[in-house]
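Colleague: Please bring up the model, and let us go through it by question and answer.

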Amino acid sequence: MIGQLVDWLREADSSRLDSLWQQADRARRRHVGDQVHLRGLVEFANYCGRACAYCGLRRDHQELVRYRMTADEILQCAERAVAYGYGTLVLQSGEDFGTSAAWVAALVRRIKQQTPLAVTLSLGERRPEELAAWRAAGADRYLLRFETSNRELYARLHPPRAGEPATDRIALLRTLRQLGYEVGSGVMIGIPGQTFDDLARDLRLFQELDLDMIGVGPYLLHPATPLADPARSPAAPPSDQVPSSELMTCKVIALARLLCPRANIPATTALATISPDRGRELGLQRGANVIMPNLTPDTYRALYAIYPEKEPLRETADAGRAGLADCLHRLGRRIGTGRGDAPNFVARTGQAATPQP
Ligand code: SF4
């Protein structure tokens, strides 16, 4: 299995790749249909206590102006998501213990009481009791990328919080599942040191974890991070190093669709950043079925820079909406209705379960 995946990741023959794209697109249509679900993304705080080697939000990035949105500001974004017809609000932040678990729980409760939106949280590694409290408050889904299944590479890129032991994201993903969340994870593609074998094992782990959502995107260099210094970012030997490219990202999306056919898979902003003209469309044609339009207010948006965003993508939510409708029309796809729970989650739980706050 790993060998076959490596062969696909190394494949360069265009007719073979065409067959991969077609298989993935057929699996996408069969298992999750032609609807493209829209998730309104709100990056509500850029504080972070971690120092991941590739990330512009790392705590040591002193020049970055930090912000936390108020609950009322976030509620306004939720109202916009409803007005735009989105089924889900994704609340994302750095690993910010300055936002207390009680504050997040109260926020989730307000959103669930005042809107019909499903709520996805992406707040990093938090304690099991916090994750349980947010689930009880009504949070439906949780995103936590494991980034790479290579433990040595993971440890090099993700030092633990100051004075704390190393954490285990795979174990945390299992905890999220036990708590009843719809669970999403993913990896970065082409980070220095990542080999084809590593990436094939990542894909296999998606399947083993039986993920409901899978988000993958190319590694994009941020100049204010340690990885901007080649001496601190040793690549694998050239024949083994995975490239951070549009093609490699599309291969991983297609293979993820074939391995986890009932998962929701977004065409990510990172893919659209590396390929502004066609990244989002290619993702949707090669296995993806979700788009996450950014609803973060413009005043904060440029400050949530895990990697530098290209100007054309920093579109307003309104402009982005019009472009998206054109894009889906061209592809013969349609905007999804309702919450858009992953068929994988619905099948394994027997219901689109949402605890009432
Ligand atoms: S990747 Fe996440 S946890 Fe790591 S520094 Fe960036 S925001 Fe913080």
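What follows is a set of questions on salt bridges, the ligand shell, a cavity and single residues in this predicted model.

Colleague: How many salt bridges does the structure hold?
Modeller: Side chains of opposite charge can pair when their charged atoms come close. For the whole structure, the number of salt bridges is 28.

Colleague: Which residue forms a salt bridge with Arg-29, and is that residue buried, partly exposed or exposed?
Modeller: The partner of Arg-29 is Asp-34, with the closest N and O atoms 3.3 Å apart. The relative accessibility of Asp-34 is 21%, and the range for partly exposed starts at 20%. Asp-34 is therefore partly exposed.

Colleague: Where in the chain do Glu-125 and Arg-169 lie, and how many residues apart are they?
Modeller: Glu-125 and Arg-169 form a salt bridge at 2.7 Å, N to O. Glu-125 sits in the loop between strand 3 (118-122) and helix 5 (128-137), while Arg-169 belongs to helix 7 (residues 169-178). The pair thus links distant parts of the chain, and the separation is 44 residues.

Colleague: Are Glu-125 and Arg-169 buried or exposed?
Modeller: The salt bridge between Glu-125 and Arg-169 is made by their side chains. As for accessibility, both Glu-125 and Arg-169 are buried.

Colleague: Which helices does the salt bridge between Arg-330 and Glu-281 tie together?
Modeller: The closest N and O atoms of Arg-330 and Glu-281 are 2.2 Å apart. The two residues are 49 apart in sequence, so the pair ties together separate parts of the chain. Those parts are helix 13 (residues 317-331), with Arg-330, and helix 11 (residues 279-285), with Glu-281.

Colleague: Which of these two residues is buried, and which is exposed?
Modeller: Glu-281 has 19% relative accessibility and falls under the 20% limit, so Glu-281 is buried. Arg-330 has a relative accessible area of 54%, which is over 50%, so Arg-330 is exposed.

Colleague: Which residues are linked with Arg-339 in a network of salt bridges?
Modeller: Arg-339 takes part in a network of salt bridges. The residues linked with Arg-339 there are Lys-112, Asp-140, Arg-141, Glu-182 and Asp-341.

Colleague: How many residues of each class are in the shell around the ligand?
Modeller: The residues around the ligand are Cys-48, Arg-50, Cys-52, Tyr-54, Cys-55, Leu-57, Arg-58 and Gly-94. By class, the shell has two charged, one polar and five nonpolar residues.

Colleague: Which element gives the most to the lining of the second largest cavity?
Modeller: There are two cavities of 30 Å³ or more, and the second largest has about 40 Å³ of space. Its lining includes His-37, Leu-38, Arg-39, Tyr-86, Ile-335 and Arg-339. By class, the lining has six polar, three nonpolar and two charged residues. With three residues, the element that gives the most is strand 1 (residues 35-45).

Colleague: Is Ser-93 buried or exposed, and which residues are in contact with Ser-93?
Modeller: Ser-93 is in strand 2 (residues 88-93). Its relative accessible area is 7%, under 20%, so Ser-93 is buried. Leaving aside neighbours within four places in sequence, the contacts of Ser-93 are Phe-44, Ala-45, Ser-122, Leu-123 and Tyr-304.

Colleague: What distance separates the C-alpha atoms of Arg-26 and Arg-257?
Modeller: Arg-26 lies in helix 2 (residues 14-32) and is exposed at 54% relative accessibility. Along the chain, Arg-26 and Arg-257 are 231 residues apart. The separation of their C-alpha atoms is 9.7 Å.

Colleague: What is phi of Glu-147, and what is phi of Asp-210?
Modeller: Glu-147 is in the loop between strand 4 (141-143) and helix 6 (151-157) and is buried at 11%. Asp-210 is in the loop between helix 8 (196-209) and strand 6 (213-218) and is partly exposed at 28%. Phi is positive in Glu-147, a residue other than glycine, with a value near 70°. Phi is also positive in Asp-210, near 55°.

Colleague: Which residues are in contact with Ile-306, leaving aside its neighbours within four places in sequence?
Modeller: Ile-306 is in the loop between helix 12 (298-301) and helix 13, and is partly exposed at 29% relative accessibility. The C-alpha atoms of Ile-306 and Thr-225 are separated by 9.9 Å, at 81 residues apart along the chain. The contacts of Ile-306 are Tyr-54, Cys-55, Gly-56, Leu-57 and His-222.

How values were computed
Residues numbered from 1 in each chain as written. Predicted model: local features only at pLDDT ≥ 70, side-chain atom pairs only at ≥ 80, totals over all residues. Heavy atoms only, no water. Salt bridge = Lys/Arg side-chain N within 4 Å of Asp/Glu carboxyl O. Buried < 20%, exposed > 50% of the residue type's maximum accessible area, 1.4 Å probe, protein only. Helix = DSSP H or I, 4+ residues; strand = E, 2+ residues; numbered from the N terminus. Near = heavy atom within 4 Å. Nonpolar A, V, L, I, M, F, W, Y, C, P; charged D, E, K, R; others polar. 1 Å grid on protein atoms, 1.4 Å probe; cavity = no way out; pocket = protein on both sides within 12 Å on 5 of 7 lines; lining within 4 Å. Points joined across faces, edges and corners; volume = space filled by probe spheres on them. Contact = heavy atoms within 4.5 Å.
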